[in-house]
Amino acid sequence: MHGHEWDANAAVGPAPDGGTVRPEGHRLVPLATALLQADGLILHWSEDAEALLGYSAEEAVGSYAAQLLTDESDRPAVLALFQRIMAGSGASSFVFPVRHRDGHRVELEFRTYPIAGPAGTLLLLATASDTRAIHAIEADLAVLGGIFGRSPIGMAVYDTDLRFVRINEALARMNGVPVAAHLGRRISAVLPGINTAEIEQIMRQVLKSGKPVVDARSHGRVPGDPRRDRAWSASYFRLEDSTGKVFGVCSSIIDVTERFQAEARAARAQERLATIAEATARIGTTLDLQRTAEELIEAVVPRFADFATVDLLEPVLRGAEPTPIPSDRSVTLRAVAVGENYETGLAHAVDVVGETSEYAPDRSYTQCLRSGRPLLRAHVDEEVLRGLVSSEDRVAPGIAAGIHSYLMVPITARGMVLGGSEFIRMRNPEPFNEADVALAEELVARTALALDNARLYRRERETALTLQRSLLPQEIHRTLGLEIAYRYLPSSVVSEVGGDWFDVVPLSCGRVALVVGDVMGHGIRAAATMGQLRTVARTLATLDMPPEQVLTRLDETASGIGEGQFATCICAVYDPLERTVQVASAGHLPPVWVGTDGVARRVEVPPGVPLGVGGVAFESIGFTLPEGGVLALYTDGLVERRGQDLDHGIDLLARTLAGPGRTLEETCDAVIGALVTDGTEDDIAMIMARALPVPADRIATLPLTGGGRLPGRARRFTRATLDSWGLSALSDYAELLVSELVTNALLHAEAPRRLRLFRDRVLTVEVSDAGGAAPQLRTFAEQDEGGRGMFLVSELAQRWGSRLTRDGKVVWAELELPFGA
């Protein structure tokens, strides 16, 4: 084939001096020459003769050969032989021992040639070689010939033009080409089906550098076995003589097809293991369905397939539980991930991400999904492709793209089919085989587990988000004297929902409670706890409890929910008529407010402890929020960042709030833009409130001091005020409520102070007094003269109540406004 051994016979030739030139790697045999006269006088003595017999040319020329080279006892026989040679007419050969200069005998093989000298004189040309060297050369050649001719290893010799000079039968059989058909030709002419360019390049390097090459691999198909790929291992070395003259290249070759195939199988197995290991590390890094599908695509393209897709059933994408695929129904799948090794041109043969395809019940794809077993089409033609695609118009683009092998593996988890993954080869010439099916099944199985986890997570997260959203305020009612803006941002990093909440609770007399809280932890449990605390906080606030009492009762609620359920909370109550804020904290971050001077300040609220700790009293403080002032309540997700101090975030919030010339909504956006730059690791809840002036036609106040009949004065004031507000229809009810409340204050509190009428969503009548006891509904008999006042108030009013103040209490009652008022 393409290994080489030097043809010694072809390389042997006469030297200019009559010696013999042989290539390096064989023995050099000195060939002595001498020219003698008819009387035996030596006329010429070669260098080889000097090397062989020890006599220099100066010593030999002019001496008689018989005297110089033989013992006295041998001379008669030598002279007789010489005479017979000189009398003969042709060349002769014989073996005769002669004497070396140092005295030992050398057995030489002679050849003699009588020749005519000048003037017709007869001369004798004699050549001689040491018979021992000749025998050694003959033995070497016999061994070499035996190796070359009988070796089972392929051997060949090339000349410097890389043409075959000699090749043994073993190599000829490997190639399936007779020996004679090799000689004088190059490998490319004899064996066009192998990697001849690579082989000849290696031989040229050996010719040039003289460095042998061992175990050079070649592969392909030869005439002796044209239907099967084979592989060979060759060793090359350069042939040259002692002078450095290069004669060619010799090689020895063995067939390593089985070993090559075993190595290839091992390499493929190693590659499959590497693919699985890489895919294991790559697939399932997130709980996102699409990203998980993309990770499978990245793991198989281009290493395993030129083109790959992942399609999922519609219910799976919604997080629903997959159901068995009926045998008589079509199936709809949505493309979730598509990847290709190059511009394949398959854009018209498959769905782009987000598109859906419907497969009829009899389609191969549908049947494969229904069975849950892989679908292998090792060789794809137009007819095969027609049975695979969802519609006929996708066949031509697929054939044009060069699809030649197809594999589809259903994506199954817990025995249910989630979708399917397709693998396609075009440029990769190898068709998919059973080993590829096993690898694809392994990769898809890992992906299916991650996809199912993502599906379950999506369903749980959607459930939690629905719960969380339902527990947050669905509508923020407009409050007289206060502009409100808010933001709620779910976490963009944490995979579960959180427990942050906010609320705006309308109270009596136009007041409003602002509540912001943060349940520690994440998940449905945190969201459920948040819902309970928000509901309780709203209920407590509407009972006119001051902020510190609201937190005390919330603490009791949190303690009763369960061990380990803690939350921080801030509660602020704003009175738009007084422009006062009462605020208390349960381990929450301090509010920030901005005055008319444009300076942002923290509200130094007693910090308190988180809700759920239990047994610790809460305190509230009060301050005035001037007209135009802004108050901000927030959760820690807004100001807390990894590697930064909380104060840094709060200071940045304060600086952003202090920015002039913005609406409240613009201020909210500015805060989010400044503090939430790259997502947030926690939920964010934030409320901003700006104090507005209360219009004069919405409030009326009558001091209840001095002499006279206070109930009558209060009734007249009420009627006049309502007439001016266009609410005369409520005058009778309002007068009766005012009369009863003022009378009750005179009887039981002894010091009524003020009557105030306030028109917002309802009409509020409030009477303040110096008493500390809240009015009570009590039973009375028909003959009792008193006890009916508060009962009457309860019957007339839509809602009524009382609250304590620093110097007494306020009793209030509400009436619904007429439609359109």
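This dialogue introduces selected features of a predicted model.

Trainee: How many helices and strands does the chain have, and what share of its residues is buried?

Mentor: This predicted model has 23 helices and 33 strands in the chain. Of the 821 residues, 46% are buried. Contacts along the sequence can also be sorted by separation. Among those between residues at least 6 apart in sequence, 62% join residues at least 24 apart.

Trainee: In what order do the five strands of the open sheet lie?

Mentor: A sheet is read by following its strands across. Here the order is 19-28-27-24-25, and the pairing is antiparallel. Strand 19 (482-489) and strand 25 (600-602) are the edge strands, each pairing on one side only. From one strand to the next, the twist averages 20°.

Trainee: Which helices pack on this sheet, and which strands do they touch?

Mentor: Helix 19, residues 646-657, touches strand 24 (592-594), strand 25, strand 27 and strand 28, and its direction makes about 25° with that of strand 24. Helix 20, residues 664-675, also packs on the sheet, touching strand 19, strand 27 and strand 28. The direction of helix 20 makes about 30° with that of strand 19.

Trainee: How many bridges join strand 27 to strand 28?

Mentor: Five bridges join strand 27 (residues 630-634) to strand 28 (residues 684-691), and the two run antiparallel. As one example of a bridge, Leu-633 has Ile-687 of strand 28 as its partner.

Trainee: At what angle do helix 19 and helix 20 cross, and which residues make the contact?

Mentor: A helix pair is described by angle, distance and handedness. The axes of helix 19 and helix 20 cross at roughly 145° and come within 9 Å. The crossing is right-handed. Helix 19 contributes Gly-649, Leu-652, Leu-653, Thr-656 and Leu-657 to the contact, while helix 20 contributes Thr-667, Ala-670, Val-671, Ala-674 and Leu-675. By class, this contact has seven nonpolar, three polar and no charged residues.

Trainee: How should the angle between helix 21 and helix 22 be read: roughly parallel or roughly antiparallel?

Mentor: Helix 21 (residues 710-725) and helix 22 (residues 731-748) pack at about 150°, with their axes 9 Å apart. An angle over 145 degrees counts as roughly antiparallel, so helix 21 is roughly antiparallel to helix 22. Their crossing is right-handed. Among the residues in contact are Leu-710, Ala-714 and Leu-722 of helix 21, and Val-738, Val-742 and Leu-746 of helix 22. By class, the contact has eight nonpolar, four polar and five charged residues.

Trainee: Which peptide bond is cis, and where is its proline found?

Mentor: Most residues other than glycine have a negative phi, and most peptide bonds are trans. The bond from Val-301 to Pro-302 is cis, with omega near 5°. Pro-302 is found in the loop between helix 11 (289-300) and strand 13 (307-313).

Trainee: What is the phi of Cys-509, and is this residue buried or exposed?

Mentor: Cys-509 has a positive phi, near 60°, and is not a glycine. Its place is the loop between strand 20 (498-506) and strand 21 (512-522). With a relative accessible area of 1%, Cys-509 is buried, because buried means under 20%.

Trainee: Where is Arg-579, and what is its relative accessible area?

Mentor: Arg-579 lies in the loop between strand 22 (567-575) and strand 23 (580-586). Its phi is positive, about 60°, although Arg-579 is not a glycine. The relative accessible area of Arg-579 is 25%, and the residue is partly exposed.

Methods
Residues numbered from 1 in each chain as written. Predicted model: local features only at pLDDT ≥ 70, side-chain atom pairs only at ≥ 80, totals over all residues. Heavy atoms only, no water. Pairing = 2+ DSSP bridges. Helix = DSSP H or I, 4+ residues; strand = E, 2+ residues; numbered from the N terminus. Axes fitted to C-alpha atoms, helices over the stretch in contact; angles between N-to-C directions. Contact = heavy atoms within 4.5 Å. Parallel < 35°, antiparallel > 145°, perpendicular 65-115°, else oblique. Left-handed = near helix turned anticlockwise from the far one by under 90°. Nonpolar A, V, L, I, M, F, W, Y, C, P; charged D, E, K, R; others polar. Buried < 20%, exposed > 50% of the residue type's maximum accessible area, 1.4 Å probe, protein only.
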